[in-house]
Amino acid sequence: MVEYAVKTPPHHAAWQEFLDVWRSTDECEVFVQAWTCDHFYSLGGAMYPGIGDSHGPCLESWTMLAALAQATSRIRIGSMVNAMHYRHPAVTAKMAATLDGISEGRFDLGLGAGWNLEESNAYGIELGTVKERLDRFEEGVEVIVRLLSQEVTDFEGRYYKITDARCEPKGIQLPHPPVLIGGGGRTRTLAIVAKWAQKWDGGFRSVSEWEDTNEALVRHCEAIGRDPSEIFRTVHVPWEPDADLSRLRDEAATFGAAGVDQVIFNMQGPPLTAEVEKLGAELSRR
C-alpha cells in the first residue's frame with residue numbers, strides 16, 4: 001500500500017510556518033514522513049512558479065531538521081536531497097549519525113550529486129561538470145555508508161581521502177540510517193542507487209516516465225545481482241495552493257498502482273499548514 005509524505009522546501013517563509021506544518025503533519029496519521037530540501041538560495045521559476053525568485057529567504061536544511069526532530073515524535077524525517085559537494089562526506093556522515101540519534105531512529109539520509117549552479121557559484125563551492133559531480137558523488141556515498149556502518153574506515157579516491165576514521169556514536173538504525181538517492185540518470189545515478197541505496201526518489205515525473213525510469217533501475221539491480229524489491233521507491237507530486245485535493249488523491253493512487261511506495265506531496269508555495277489536515281482527510285477516502 002502506498003504511503004504519503006509532505007515536503008516543505010525551506011524557502012519563501014519564516015521558521016514558525018515550517019514548524020506549524022511539520023507539527024500538523026506529525027499529528028495527521030495519514031502521513032508517515034515529512035521532507036525538506038537542501039538549498040542555500042530560494043527556488044522559483046518553472047519548478048516553483050508564482051512564489052518569487054532565488055533572492056528570497058531560504059533556511060538551512062540540517063539545522064532545521066535537528067529542531068524539527070525535537071518538534072515531532074512520529075513521522076520519519078529527511079532532506080530530499082543533500083548535495084554531496086556542499087559538505088565533506090565524512091562531515092555528512094557525522095551529522096547523519098547525530099540526527100538519527102536526536103530523532104530516535106526516524107531519519108532518512110537523502111543524497112544527490114548537486115545541480116544548483118547559482119548558489120554554488122555564489123558561495124564559492126565548485127560544482128563541476130556532470131561527470132565530475134557524479135564521480136565525486138559515487139566516492140562520497142561510499143565514504144558515508146562505510147563511516148556509518150564500520151568501526152574504522154580508510155578510503156582514498158580522487159576527491160576524498162580519510163584515514164583511520166571513526167564516526168561515533170553510530171545512529172540508532174542498523175546497519176545505518178536508510179540512504180535515499182534522488183535522480184534518474186540511467187547510466188550513472190541509477191547504477192549508484194542499485195549498489196548503495198535503500199531508497200530511490202524518482203522526482204517529478206509522469207507515471208509513464210516513472211515506470212520507464214524504474215525499469216532502468218531494475219536492470220541495474222539485476223546486473224549486480226541485487227533484488228530490485230529491496231529498494232523503496234518515492235516520487236513527487238506538486239501541491240499548489242488551492243489545489244484540487246481529490247485530484248492529488250487520484251494521482252497518488254495511480255502512482256501507487258504503478259509500484260511507488262511513497263508519494264511526496266511537494267508544497268509549491270508557502271507552507272500550507274491549514275491544508276495538511278484537509279489533504280489527510282481526502283487521502284483517507286480512497
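**Cysteines**

I began with C221 in this predicted model. C221 is buried, because its relative accessible area is 0% and the cut-off for buried is under 20%. I then looked up C28, which also counts as buried, at a relative accessibility of 12%. I next asked how many disulfides the model holds. The count comes to 0, where a pair of cysteine sulfur atoms would have to lie within 2.5 Å. I note for reference that a disulfide is a covalent bond between the sulfur atoms of two cysteines.

**Helices α7 and α8**

I turned to the packing of helix α7, residues 207–224, against helix α8, residues 245–258. Two packed helices are described by the angle between their axes and the distance between the axes. For α7 and α8 I recorded an angle of about 25° and an axis separation of 10 Å. That makes α7 roughly parallel to α8, since angles under 35 degrees are classed in this way. I also recorded the hand of the crossing of α7 and α8, which is right-handed.

**Strands around β8**

I looked up which strands pair with β8, residues 179–182. Strand β5, residues 107–112, pairs with β8 in the parallel sense over 3 bridges. Strand β9, residues 199–204, is likewise joined to β8 by 3 bridges, and these two strands run parallel.

I then asked which residues stand opposite L180. In the pairing with β5, G110 stands opposite L180 of β8. In the pairing with β9, L180 stands opposite K199. I also followed the chain from β8 through helix α6, residues 189–196, to β9. These three elements make a β-α-β unit, and I noted that the unit is right-handed.

**Cis peptide bonds before proline**

I examined two peptide bonds that lead into prolines. The bond from E168 to P169 is cis, with omega near -5°. The bond from L174 to P175 is cis as well, with omega near 0°. I asked where the two prolines lie. P169 is placed in the loop between β7, residues 161–165, and β8. P175 lies in the loop between β7 and β8 too.

**Positive phi outside glycine**

I looked up H12, whose phi is near 60°, a positive value in a residue other than glycine. I found H12 in the loop between β1, residues 3–7, and α1. Is H12 buried or exposed? H12 is buried, because its relative accessible area of 15% falls in the range under 20%.

I then checked D242, which is not a glycine yet has a positive phi of about 65°. D242 lies in the loop between β10, residues 232–239, and α8. I entered D242 as exposed, because its relative accessibility is 80% and the cut-off for exposed is over 50%.

**Q16**

My last entry concerns Q16, which has its place in helix α1, residues 15–27. I recorded a relative accessible area of 42% for Q16, so the residue is partly exposed, a class that lies between the cut-offs of 20% and 50%. I also looked up how Q16 stands relative to A281. Q16 and A281 are 265 residues apart along the chain, and their C-alpha atoms are separated by 24 Å.

Note on methods: Residues numbered from 1 in each chain as written. Predicted model: local features only at pLDDT ≥ 70, side-chain atom pairs only at ≥ 80, totals over all residues. Heavy atoms only, no water. Helix = DSSP H or I, 4+ residues; strand = E, 2+ residues; numbered from the N terminus. Buried < 20%, exposed > 50% of the residue type's maximum accessible area, 1.4 Å probe, protein only. Pairing = 2+ DSSP bridges. Right-handed = clockwise from strand over helix to strand, strands pointing away. Axes fitted to C-alpha atoms, helices over the stretch in contact; angles between N-to-C directions. Parallel < 35°, antiparallel > 145°, perpendicular 65-115°, else oblique. Left-handed = near helix turned anticlockwise from the far one by under 90°.
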